[in-house]
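Here are a few short exercises to work through with the structure open beside you. Try each task before reading its solution.

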Amino acid sequence: MDLQWWQKGVVYQIYPRSFQDTNGDGVGDLPGVTRRLDYLASLGVDAVWLSPIFTSPMKDFGYDVADYEDVDPLFGSLADFDELLAGAHARGLKVMLDLVPNHSSDRHRWFLESRASRDNPKRDWYVWRDPAPDGGPPNNWRSFFGGGAWTFDETTGQYYLHQFLPEQPELNWANPEVRAALLGAMRFWLTRGVDGFRVDVIWLLGKHGEFPDEPENPDWREGHMEHGRLLHVHTQDLPETHGYIREMRAVLDEFSRPGFERMMVGEIYLPLEKLVTYYGKGDECHLPFNFLLLTMQDFSAGAVRDLADRYDAACREYDGWPNWVLGNHDQHRFRTKFGVERYRAAQTLLLTLRGTPTVYYGDEIGMENVAIPPGRAQDPSGLRQKDNPEASRDPERTPMQWDAGAFAGFSTVEPWLPLGEHASVNVEAQEADPRSDLNYFRALTLLRRQLPELHGGEYVSLDAGHEDVFAFVRSHAGQRVLVLLNFGAGDLTLDLSGHASRASAHAERAHVLLSSTWREGHEELGGVRLGGYEALLLRLP
Ligand code: NOJ
């Protein structure tokens, strides 16, 4: 097996505002990440992805970029970044940045120029349209954050497009100058030494050039996110987007050499069949983010098996390397969503399926959604859609819980978002407990690193004979690991005697590599015991 770092490694996402504050302003910063590098290395992860750190008015907390080639003072300086990067590399950790190419901040000098006059050379860098005959917006396109996707600009009498906040005008990717500018920003950071990018809303880059209305979504129901009212056939997944992505990929390839690739993982919320087209012919995304687990409604053994089988097969068909995600800064914490009792099984799933796992900070200690009192709400998506309790992303963005102290070791002052329950759910307490969630996470990453079957082997699911159990085998060079996940509360005994390899037909004993309840020893394949909600990794004889 000749695998790249981004294939065999585990990626860890840091939301910098919430990881570690070092200057006492209640907001995390880059020196905070640097301070915690030993912790990151101790987790057994291989790469760190930082949500945006660039100069920004922070209307969408950094996803509104005012300078693609500098660090926001809130987070530190370019020198702080260089220090972080050097410290990470010294520990064998790769660093990925969050590129936001679809839109900039309205404070970016490009937009200030663009909006200054209709004949400004940067006018066409953004998406400007005349009003409809009645003076209203050019079409019915909607913002992800609620409301229309167009804002009227008095000075020049046209509307500009924004699929997020009005303070996030969309860059016009059809304009080659825009593409060259963004590719230049990529080169800036690659030259500085970053190892890759997570690319924000990559599937939205292309837009229909004639701006037709989008059709109503017949499946939309009251209470769902407002943006879902329309079918986004003219703003998402357009054919030209693949060409744009190939241009980005070519820049990464410029900075790669055999044995060391710089990579990109693209943010894409699309159904499986469309998602896998973003591998291209090995010339688009290294990894199109697989959010299929993240957005699952029915987290049951059968549904997960079906999904894993279909996804694995689709990746094979496209010759793409798979990847898995259970949490990010836009989705509720999986421990809350899927239930505390399924937490370790879910974590095991993430770290043992075939493909690169991306872990969201705090999930390794089992952080949960935090209830946000109305006066503390921060997320513009939630604030603009107050009638929809699902719209706010604050609950999953709360500060990392380092210790049981007043501010959880995150800060010396009240943090920007309230802290979760951190009396026991904190790194310090869990370091001291060999059976903690944190140490379970480490046991998983360690096994994954040690065993080629787990970080690179084949995947095949099997019928374990009980509807609550998802079972699969990871294999490489004749070595096989059986993963058993019990999604139900009942204790079970499974007959898996048919799964011993022929060569060792008499050896029916399977050694326990890891159990979520820390059982050790072995199991007889004819009667494998599996506790309620247990995750069990067996070495198949
Ligand atoms: C996706 C990001 O993950 C999200 O946090 C952000 O609000 C939007 N893109 C807009 O950049």
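**Exercise 1.** Find the volume of the largest pocket and describe its lining.

*Solution.* Bear in mind that you are working with a predicted model.
- Start with the space itself: the largest pocket holds about 1,700 Å³.
- Next, collect the lining, which comes to 50 residues. Nearest the centre of this pocket you will find Phe144, Met225, Tyr269, Thr295 and Gln331.
- Finally, sort the lining of the largest pocket by class: 21 residues are nonpolar, 17 are polar and 12 are charged.

**Exercise 2.** Do the same for the second largest pocket: which residues lie closest to its centre?

*Solution.*
- The volume of the second largest pocket is about 320 Å³.
- Its lining consists of 19 residues, and Ile372, Ala377, Gly382, Pro389 and Ser392 are the closest to the centre.
- Sorting the lining of the second largest pocket gives 9 nonpolar, 6 polar and 4 charged residues.

**Exercise 3.** Work out the strand order of the sheet that contains E6, E7 and E8, and say which strands are at the edges.

*Solution.*
- As a reminder, strands of a sheet pair through backbone hydrogen bonds, in either a parallel or an antiparallel way.
- Here the 3 strands make an open sheet with antiparallel pairing, in the order E6-E8-E7.
- Strands E6 (128–129) and E7 (150–153) each pair on one side only, so they are the edge strands.
- Now look at how E6 meets E8 (residues 158–161): the two run antiparallel and are joined by 2 bridges.
- To locate this pairing on screen, pick Trp128, which stands opposite Tyr160 in E8.

Definitions and conventions
Residues are numbered from 1 along each chain as its sequence is written. This is a predicted model: local features need pLDDT of at least 70, side-chain atom pairs count only at pLDDT 80 or more; totals for chains, interfaces and linings use all residues. Side-chain values use heavy atoms; hydrogens and water are left out. On a 1 Å grid over the protein atoms alone, a cavity is a set of points where a 1.4 Å probe fits but cannot get out, and a pocket is an open set with protein on both sides within 12 Å along at least five of seven lines; lining residues have an atom within 4 Å of a point. Grid points are joined across faces, edges and corners, and a volume is the space filled by probe spheres set on the points. Ala, Val, Leu, Ile, Met, Phe, Trp, Tyr, Cys and Pro count as nonpolar, Asp, Glu, Lys and Arg as charged, and the others, Gly among them, as polar. Helices (H or I, at least four residues) and strands (E, at least two) are DSSP runs, numbered from the N terminus.
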